[in-house]
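I wanted a quick look through this one before filing it. These are my notes, in the order I looked things up.

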Amino acid sequence: MNKQFKLSDYSLTFSTRVKASELCDKLRQFVLTLDDNDNLFIDFSDVEAVSYSFFDQLLSELLELESSLKKDITITGLSANITSVIDKSLKHRSYQYKPTRSERTLLYQA
Amino acid sequence: MTVMEVKLTAPSNFKRIKQLDSLYVPRIQRLSPLDQVIIDLSKITFIKPLGVIGILTLIERLTQLENGMPNIELICPENKEVIDYLVKIDFINALETLCDWDIPDDIEVIGKKLKPVIPITRFSDANDIEIIANQMQEIFHTELMGLSTLLQPCHVVYSELAINAVEHANSNGGFVLAQQFEYHDGSRLEISVGDCGIGIHKSLKQNKIMKGKFKSDREAIMSTLSGGLSRINDPHRGYGLYWVKEELGDSPNRSLTLRSGNGYVIIYTGNRPYSAKCKSFPGTIAHVVIPCG
């Protein structure tokens, strides 16, 4: 099953690294509810603005989580407005989207 | 002991970063509660967000001096439209947290519609930054309908500048003011963020590997715009100002102005950055202009 962690449940804008860490704490709680076969989706639908600092921190913690979970983490629901921030942040850390899926899926090191 | 009186006169048309030189306080560290600083706003006929944020930043610095706060006298603008403007952008509320100001009893609300994108707001931590960002998003859905594509760049600009003030300036935060202006050649959003902290150069010098790296404040400012320089020794940190510069992109007529210590840098999209020396001013002031059309 696909399990969604919806960011817009918490806010429509995200600015700080502190906020990213708080969200990741909630995400770690959320993953405890996942079964082995569940896929984890981080859903950005309805999110209107994110900062680079926020996403860089989120990305750093997602990568740690991903390696500990041994489970794909997929980012979905990106609006055109924030895609640029996320693309540049991924590139900055030398990461990109995994090309094997139709969605903007898992991050892997280029 | 000699009592010192410093009189500062704000310029009439207060719209350029270099004009903050008019608020230069010599030997600011030596001021004591016996001394007096007079900030004369009486001649102002027009003031941009960077001027307003500069005044607040200076006053906040004066309230934090080691020897104690000097007596601050603020002379009110004579121009009623300027007073009206300062009321509407919450300048008076922001001042109340810093010093007394005898505002005239007969302030008239002129009635000209003016709704700042972000009125003058003090932020001191990450939670404040998030709250202000949410308020800005709401304004884009009400007062600024039709400009929704500018929310993301404005959000990046505000967030990264405010984060720098909170995380790197040793300043207990700072002030922000964002406003839409109508000019003869179109509408522009202008965002100013300021803090009265240690400034960019001193912040970088907290990182041992940066000591002695820069000859001047303006060289330090220019270098931070390339990214990867931070007081924190982490290869992924130190990109806030770089991202702000990137957000300007290739879009015409966008600009970023930074003043810190005794240097300032101005970047207009499509042009080489201009940097110059100026009089020393507390903390860091940033000003970004984004055309609406």
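How exposed is A:Arg28, going by its relative accessible area? I get 30%, so A:Arg28 is partly exposed. One thing to keep in mind for every entry here is that the model is predicted.

**Entry: the pair in helix H1**

I went to A:Arg28 for its salt bridge with A:Asp25, where N and O sit 2.8 Å apart. Both residues belong to helix H1 of chain A, residues 17-31. They are three residues apart there, which means about one helical turn separates them. I checked the partner's cover too: A:Asp25 comes out at 45% relative accessibility, so I logged A:Asp25 as partly exposed. As a general reminder to myself, side chains of opposite charge can pair when their charged atoms come close.

**Entry: a pair between chains**

Next I looked up A:Lys88, which forms a salt bridge with B:Glu246. The closest N and O atoms are 4.0 Å apart. The cut-off for a salt bridge is within 4 Å. A:Lys88 is in helix H3 of chain A (residues 80-92) and B:Glu246 is in helix H8 of chain B (residues 240-248), so this pair joins two chains. On cover, A:Lys88 is partly exposed at 30% relative accessibility, and B:Glu246 is partly exposed at 26%.

**Entry: a pair within chain B**

What does B:Glu167 meet in a salt bridge? I found the side chain of B:Arg237, at 2.8 Å from N to O. B:Glu167 lies in helix H5 (residues 151-168), while B:Arg237 lies in the loop between helix H7 (217-224) and H8. The two are 70 residues apart in sequence, so the salt bridge ties together separate parts of chain B. I noted that B:Arg237 is buried, at 13% relative accessibility, whereas B:Glu167 is partly exposed at 23%.

Salt bridges with shared partners also link A:Lys6, A:Asp43 and A:Asp46 into one network. Over all chains I have 16 salt bridges on record for the structure.

**Entry: positive phi**

A:Asp46 caught my eye again for its backbone. Its phi is positive, about 75 degrees, and A:Asp46 is not a glycine. Most residues other than glycine have a negative phi. I placed A:Asp46 in the loop between strand E3 (39-43) and strand E4 (49-50) of chain A. At 51% relative accessibility, A:Asp46 counts as exposed; the cut-off for that is over 50%.

Chain B gave me another case in B:Asn253, a residue other than glycine with a positive phi of about 65 degrees. I found B:Asn253 in the loop between H8 and strand E9 (255-268). B:Asn253 is exposed, with a relative accessible area of 61%.

**Entry: around helix H8**

I stayed with helix H8 of chain B to look at B:Lys245, which is part of that helix. Which residues does B:Lys245 touch, leaving out those up to four places away in sequence? My list reads B:Leu225, B:Leu256 and B:Ile267. I also took a distance from B:Lys245 to B:Tyr268, 23 residues apart along the chain, and got 9.8 Å between the C-alpha atoms. B:Lys245 is partly exposed, with a relative accessible area of 26%.

**Entry: a lysine patch and a glycine**

B:Lys202, B:Lys205, B:Lys208 and B:Lys211 form a positive surface patch. I looked up one of them, B:Lys205, and found it in helix H6 of chain B, residues 199-205. B:Lys205 is partly exposed at 35% relative accessibility.

I then checked B:Gly186, which is in strand E8 of chain B (residues 186-195) and is partly exposed at 26% relative accessibility. From B:Gly186 to B:Ser42 I get 29 Å between C-alpha atoms, with their positions 144 residues apart in sequence.

**Entry: chain A overall**

Last, I stepped back to chain A. I have three helices and seven strands for chain A, running β-β-α-β-β-α-β-α-β-β from the N terminus. Of its 110 residues, 53% are buried. For contacts with a separation of 6 or more, 73% are between residues 24 or more positions apart. Chain A exposes about 5100 Å², and 46% of that comes from carbon and sulfur atoms.

Conventions: Residues numbered from 1 in each chain as written. Chains lettered and ligands numbered in written order. Predicted model: local features only at pLDDT ≥ 70, side-chain atom pairs only at ≥ 80, totals over all residues. Heavy atoms only, no water. Helix = DSSP H or I, 4+ residues; strand = E, 2+ residues; numbered from the N terminus. Buried < 20%, exposed > 50% of the residue type's maximum accessible area, 1.4 Å probe, protein only. Contact = heavy atoms within 4.5 Å. Areas by Shrake-Rupley, 256 points an atom, 1.4 Å probe, with all protein chains shown as cover. Patch = residues over 30% accessible without salt bridge, like charges linked within 9 Å, V, L, I, M, F, W, Y side chains within 5 Å. Lys, Arg positive; Asp, Glu negative; His and termini not counted. Charge placed at Lys NZ, Arg CZ, Asp CG, Glu CD.
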